[in-house]
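Thanks for sharing this one. Here are a few notes to read alongside the coordinates.

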Amino acid sequence: MHEAKEWLARHRTALSLVTVLVLIGLGFAAMQQLTRELHFSHIRAALHGLSAWQIAASLCFTAFSYLTLTGYDVLALRIIGRPLPWRVAALASFTSYTLSHNLGLSLLTGGSARYRIYTAAGLDGPDVARVIGIASATFWSGVVTVASVALLARDGPIDLAGFTIPAAVSHGIAASALVLIIAGLMLCGNARGPLRLWRLSVPLPTVPQALAQIALAVLDTGTAAAALFVLVHGAEPSLLPAFILAYALGIVAAVLAHVPGGIGVFEAVVLAVLPGDRSVAFAALIAYRVIYYLVPLAVAVAILAWREGLRRRHLLNHPLSSRLLRDGRAVANGIAPLALSAATFMGGAMLLLSGSLPSLHARMGALASIVPLPFIEASHIAGSLVGTGLLLLAPGLYRRLDGAFVATRALLLVGAAFSLAKGIDYEEAIVCLTLAVMLQWTRGAFYRRTALTQIRWSAGWLSAVLVVLAAAVWIGLFAYRRVPYEDDLWWRFALKGDAPRFLRGTLAATVALSAALVWRWMQPPGAPEPRAIDPAARAHVLGLADRTDAMLAMIDDKRLLFAESGAAMLMYQVRGASWIVMGDPVGSSDDWPELLWRIRDKADQAQGRLMLYQVTGPVLELAIGMGLHVIKYGEEAIVDLPNFTLETPRLRSVRKAERAAARRGLTFRIVPAAAVPVVVDELAEISDEWMRAKGHAEKSFSLGHFSRDYMQRFDVALVMDGERIAAFANLWLTQNQAEASVDLMRHRDDAPHGTMDFLFVNILQWAKDRGYQRFSLGIAPLSGISGRRLAPAWARAASLIFNHGERFYGFRGLRSYKEKFAPRWEPRYIAGPKGIGMIRSLRDLSRLIGHAPAAS
């Protein structure tokens, strides 16, 4: 089972792409079946037959639908008790829905847009998640209600792609759905406080708020459907129930299929369910894609680019802000890169799809008198290649890469030229030039200086690219299905040779995309820095250490970054996109700012997330200055050794346990590092026995792990039961005697009761006698975090886990054990990105610590 999970984790991206390819194939296969009797000329005639009033009415219904969508967020903010001005909620809602409607990557696009706007307005990550969840529930309540009512209003069976659903079954499904909605309303009316699922609380709306949710969602679904309905030429009012049913089922299918933008799936379901002339319906669906999806996206991109540009120019008027802007961080929280990334993607899709469609003969005739045919043919292929390049560069804009900005701007300019040269497609040229102007207007947002080869293509983004390519192929095959295929069709060059140009352009785009993917997949996984560590340089810095956790540098599971002076270093490791620094920098504190800013820049150039793990108070000011979000991780137990004595009331239980163990004959011994090889085999036996008994696996990164090489680097404290070792701990000792501590502490199953107390007491006394100033008992995670009502959400969650999570990890038990030694507690912190970025970094940290090290 574990091997299967690991296999799935390793091939998750490939499996996701295969799944999307299957869904794309099914969607377009259904479209092919449903449109097999249609002609491209009929579709074009139906599009040209759309009247101005139909387009105007569709635009009005679209505007009203998006206005209604803003109510989702306004209502969700009120339900969670965090109301914001309408203009803030409207901007978040509008940008979120326009992006997710077109790309379908709701968490990457829509959720990200909401997060950036709402956190700037004062909400935290959990509040944004609640808004997204409640808005999604509102959407589904409306779609389900509309679909259920439409199903009940339909008398006959439903024929869906050859599969017939009897009326009784469809009515039963609809009635059950409405019963569930009524039950939800009753739950809201009878609830006393939030709904608690396990240890999570979900705020429930009041009955009026729940009814408002349903009403808003029904109004939104109705107006969105009306925007399509008015585009269907000759549609009678009697067709409205069937039409609404087709629309609702199409939306549900598109969302469940997870195909980016729902392209192909939505159209196939609507065509399958909707009666009447499919040529007219197909033309209406094409116009609807433009009016309801692309026009709002263009408006959203224009608004965001305008806001970003204005902010940039406002910042330039302030000297400090100007300096920060040049450093690239003043615009780090803007969402213009996200919107322009989506717009660039759609621009690339436009060029690819344009290459699949027949040219306008009147324009081609005028073009032929100016441009020679070979240049026209070359421009057609070049336009498809430019479109493919824009699709591949869009993720780089999302990640704010300066190289992606320069390359995209250049491709948009040449794309405009090729659009004119291949068929006087001035509409496409205007779109490309407008996008180039918007990019230039917000150029300060693209500040990361890194190679284009480092662009990360997620599975979601690759899925969207495959959808666009599949759509371009299908549209071309549909447009030229009446053209008989011949082998020499590829080599026909003529002014009206649209089909050969489609074949050549599609082949060029497919080859370019395949070459990019193969080249990327054949690259080595990352380009890790040289792992060679200079032992002399490391030993020199460790000699300056004041804290024992610096000894983690002796474990070869980290990278070390040295200061230019050679008097300080920091420990870090890269996992996924997370650059995780372990503890405070080691050595001279004068070099800490240089080290932390260097690792900050390295992570930023690699498009990564920086996290500082288990840092202390002196690092906080630097972390805040670097723009990191600080949360408390726990507290470290420190025993001041000069004042340590067992003869105090607080150490009574420890004193009794130590003396009882001594009476049983246990003795204490220190084995110098040079003599550890003599006992290392017995230590390994005890370690293996302890691991089996606890059911644990070795950890890494923030903890040591048992290996002969590691153990032989340190002195080891032993508890002897006669001539037999009962327990051991390896000692971490600073050279300046500022601090002593232990790392691995393990004992036999049959060790006498009180053995570990005996071990600790004797180590503390030994360290005190040798002049060490303090002893670290280690960290109690989540300890000392207040869970008060007005505390941040992360603090309330941490307090809840600390107080009630004993079955998963002994948080309270660990603190109680350390408390026996009467320590003082010092806070430890985590500093990292906000929101989702912090969650992802914590996930990478967990995997890094839990990664089993290689045995040695």
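Which helix does L59 lie in?

1. L59 lies in helix 4, and please keep in mind throughout that this is a predicted model. At 38% relative accessibility, L59 counts as partly exposed, because that class covers values from 20% to 50%.

2. L59 also belongs to a nonpolar surface patch of about 470 Å². Its companions there are I55, V290, L294, V295, V299 and I303. Helix 4 (52-79) and helix 12 (278-316) each supply at least two residues of this patch. Helix 12 gives the largest share, with five residues.

3. Now for the sheet. You will find 11 strands in an open arrangement with mixed pairing, running in the order 5-6-7-8-15-9-14-13-12-11-10. Strand 5 (559-562) and strand 10 (666-671) stand at the edges; each has a single partner strand, so one side of each lacks a neighbour in the sheet. From one strand to the next, the twist averages 30 degrees.

4. A pairing to look at within that order is the one between strand 9 (residues 629-640) and strand 15 (residues 824-832), which is antiparallel and spans nine bridges. If you want a landmark in it, E636 has E826 of strand 15 as its bridge partner.

5. Finally, have a look at helix 22 (residues 592-605), which packs on the sheet. Helix 22 touches strand 5, strand 6 (568-575), strand 7 (578-587) and strand 8 (609-615). The direction of helix 22 makes about 170 degrees with that of strand 7.

Technical notes: Residues are numbered from 1 along each chain as its sequence is written. This is a predicted model: local features need pLDDT of at least 70, side-chain atom pairs count only at pLDDT 80 or more; totals for chains, interfaces and linings use all residues. Side-chain values use heavy atoms; hydrogens and water are left out. Patches are made of residues with over 30% relative accessible area and no salt bridge: like charges are joined within 9 Å, nonpolar side chains (Val, Leu, Ile, Met, Phe, Trp, Tyr) within 5 Å. Accessible areas come from the Shrake-Rupley method with a 1.4 Å probe; for residues, only the protein chains shown count as cover. A salt bridge is a side-chain nitrogen of Lys or Arg within 4 Å of a carboxyl oxygen of Asp or Glu. Helices (H or I, at least four residues) and strands (E, at least two) are DSSP runs, numbered from the N terminus. Buried means under 20% relative accessible area, exposed over 50%, partly exposed in between (1.4 Å probe, protein chains only). Two strands pair if DSSP finds at least two bridges between them. Axes are lines fitted to C-alpha atoms, for helices over the stretch in contact, and angles run from 0 to 180 degrees between N-to-C directions. Contact means heavy atoms within 4.5 Å.
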